[in-house]
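Here is a short tour of one protein model. Have the sequence and the 3D view ready as you read.

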Amino acid sequence: MLSTVWRGTDLDRDEPVAIKCESDGFHEPEQVRRHFRQELRWFRHFADTPTPGSLVHFVDGSIDDERSYVVTELIRGGSLAGRFDGDRTPGLGAFRSLGGPICRTIAFLHDNGVVHRDVKPTNVLDRRRGP
């Protein structure tokens, strides 16, 4: 695991955020920093670009010799893995409603030179509307 995600608060905006920090021990520190540098480069590239609504919004990030982190908006709905766990099998309607936004987001990333190498249900967040 390259990173751990924590819930925090953006004190300037008084809004909840997700803070992705490097994890200890499993990977070489330079490999982790390389991963964070690449992720930050793309987030900053997309900061002033129209992006699909399903792409998480960047807030802040930094890399130094001590630690690396990326801060994004907090997506409260959990992951697709949690939505369809256990005996619940998604029906055709769920596949249609989820597949389009996921495919459009991946196509947008690919069109902009980004290859997400870890697309799986736990990495697809469920942006639920409402309270």
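## The main pocket

This is a predicted model. Start with the lining of its largest pocket. The largest share of that lining comes from α1, which gives eight residues. Other elements join in. β1 (3-10), β2 (15-22), β4 (68-73), α2 (80-83) and α3 (92-111) each supply at least two residues, as does α1 (29-46).

The largest pocket has a volume of about 1900 Å³. It is lined by 45 residues. Closest to the pocket centre are Lys20, Glu39, Val56, His116 and Asn123. What classes of residue make up the lining? There are 23 nonpolar, 12 polar and 10 charged residues.

## The sheet

Now look at the strands. Four of them form an open sheet. Their order is β1-β2-β4-β3, and the pairing is antiparallel. Which strands stand at the edges? They are β1 and β3 (58-63). Each has a single partner strand, so one side of each is left without a neighbour in the sheet. From one strand to the next, the twist averages 20°.

A helix packs on this sheet: α1. This helix touches β1, β2, β3 and β4. The direction of α1 makes about 145° with that of β3. Recall that α1 also gives eight residues to the lining of the largest pocket.

## The β1-β2 hairpin

Zoom in on the strands β1 and β2. They form a hairpin, with four residues between them. Asp14 sits in the turn and has a positive phi of about 55°.

The two strands pair in the antiparallel sense over eight bridges. Follow the pairing through two examples. Ser3 has Glu22 in β2 as its bridge partner. Asp10 stands opposite Glu15, again in β2. Both strands also supply at least two residues each to the lining of the largest pocket.

A rule helps when reading any strand. In a regular strand, side chains alternate between the two faces of the sheet.

## After α3

Move on to the segment after α3, where Arg117 lies. Is Arg117 buried or exposed? Arg117 is exposed, with a relative accessible area of 76%. The cut-off for exposed is over 50%, so Arg117 qualifies.

Compare the position of Arg117 with that of Pro90. The two are 27 residues apart along the chain. Their C-alpha atoms are separated by 24 Å.

Conventions. Residues are numbered from 1 along each chain as its sequence is written. This is a predicted model: local features need pLDDT of at least 70, side-chain atom pairs count only at pLDDT 80 or more; totals for chains, interfaces and linings use all residues. Side-chain values use heavy atoms; hydrogens and water are left out. On a 1 Å grid over the protein atoms alone, a cavity is a set of points where a 1.4 Å probe fits but cannot get out, and a pocket is an open set with protein on both sides within 12 Å along at least five of seven lines; lining residues have an atom within 4 Å of a point. Grid points are joined across faces, edges and corners, and a volume is the space filled by probe spheres set on the points. Ala, Val, Leu, Ile, Met, Phe, Trp, Tyr, Cys and Pro count as nonpolar, Asp, Glu, Lys and Arg as charged, and the others, Gly among them, as polar. Two strands pair if DSSP finds at least two bridges between them. Axes are lines fitted to C-alpha atoms, for helices over the stretch in contact, and angles run from 0 to 180 degrees between N-to-C directions. Contact means heavy atoms within 4.5 Å. Buried means under 20% relative accessible area, exposed over 50%, partly exposed in between (1.4 Å probe, protein chains only).
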